[in-house]
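Here are some notes for a colleague who has this model open, arranged as numbered points that may be read alongside the coordinates.

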Amino acid sequence: MNKAELQKLKDLQGLDLKINELKSNKNSKPVQLTEKKKEADDIQAQLKSKQQELQDLKKTVDQKEVDVKEREDKITKLNMQLNVTKTNKEYGIITKEIDSLKADNSVTEDGILGFFSQVDEAEKVCGEIKDDIERKNKEYDDFQSQIKKELVEIDEQLAEVESTRQKMTGDLLPDLFKLYEKIMTHKPDRQAMALVIDNTCRGCHVDLTPQEINTLLKWKDTIVCRSCSRILYLEPATEPQKSK
Ligand SMILES: [Zn+2]
């Protein structure tokens, strides 16, 4: 590989890295959208649970109101009995019972007041969550259309880079291009080339043998790193520093 071929290969590598970046960017978009959707769904679940809580509270209040009403009916009946009571003893027993029912109702009514404020609070929270859901849904819609737009842009860029790449490959030595492609497609980072600095492969930090360095300095044969199998190259501009 001579210096001109190296430059072409580096240009190709640059395009492939760009393609890789665009593709992973493209793949990340649906994931981002799913995450956003999950945020909206989570809040929906929050609302459901809060609404259940509110319903339970209202049920409790209803039951307590029924209890109060039942005691009031009892008190009314006892008061009627009082009117026809003949003995002081009986009078005392009924009065005591009325007092006890009244005391119970007073406690229950205080309790109901407490529940009312809990109901108010829960209703307020439900309202807030509903506002939140509306906001999140709007955010999701905006995000979705933004991502659609971004995907179109990414596809346009990809088409452009891929067509440039297509044109470029015809310019390369077939064997060198084949070797490059074989390595590139097997590397998750798509990095098929490794710069050599201070006699070390920058792809994996393995030291090169003096013979390998000599081969590189001749600018003729192409060699790959024996450890990371990337195509090794020297930076022509910094080359003099290497020849000690
Ligand atoms: Zn290496």
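1. Helices and strands are taken here as DSSP runs, of at least four residues (H or I) for a helix and at least two (E) for a strand, numbered from the N terminus. The model is a predicted one, and the points below should be read with that in mind.

2. Arg 190 is found in the loop that connects α3 (174-186) with β1 (193-197). Its phi is near 60°, which is a positive value in a residue other than glycine. Since 20 or more other C-beta atoms within 10 Å would make a residue buried and 12 or fewer would make it exposed, Arg 190, with 18 C-beta neighbours inside 10 Å, counts as partly exposed.

3. Ser 229 also deserves a look: although it is not a glycine, its phi is positive, at about 55°. This serine lies in the loop between α4 (210-218) and β3 (231-233), and because 17 other C-beta atoms lie within 10 Å, Ser 229 is classed as partly exposed.

4. Turning to the sheet, three strands form an open arrangement in the order β2-β1-β3, and their pairing is mixed. β2 (200-201) and β3 stand at the edges with a single partner strand each, so one side of each is left without a neighbour in the sheet.

5. How do β1 and β3 run, and how many bridges join them? The two strands are parallel and are joined by three bridges; among the residues involved, Ala 194 has Leu 232 in β3 as its bridge partner. In general, the strands of a sheet pair through backbone hydrogen bonds, in either a parallel or an antiparallel manner.

Methods
Residues are numbered from 1 along each chain as its sequence is written. This is a predicted model: local features need pLDDT of at least 70, side-chain atom pairs count only at pLDDT 80 or more; totals for chains, interfaces and linings use all residues. Two strands pair if DSSP finds at least two bridges between them.
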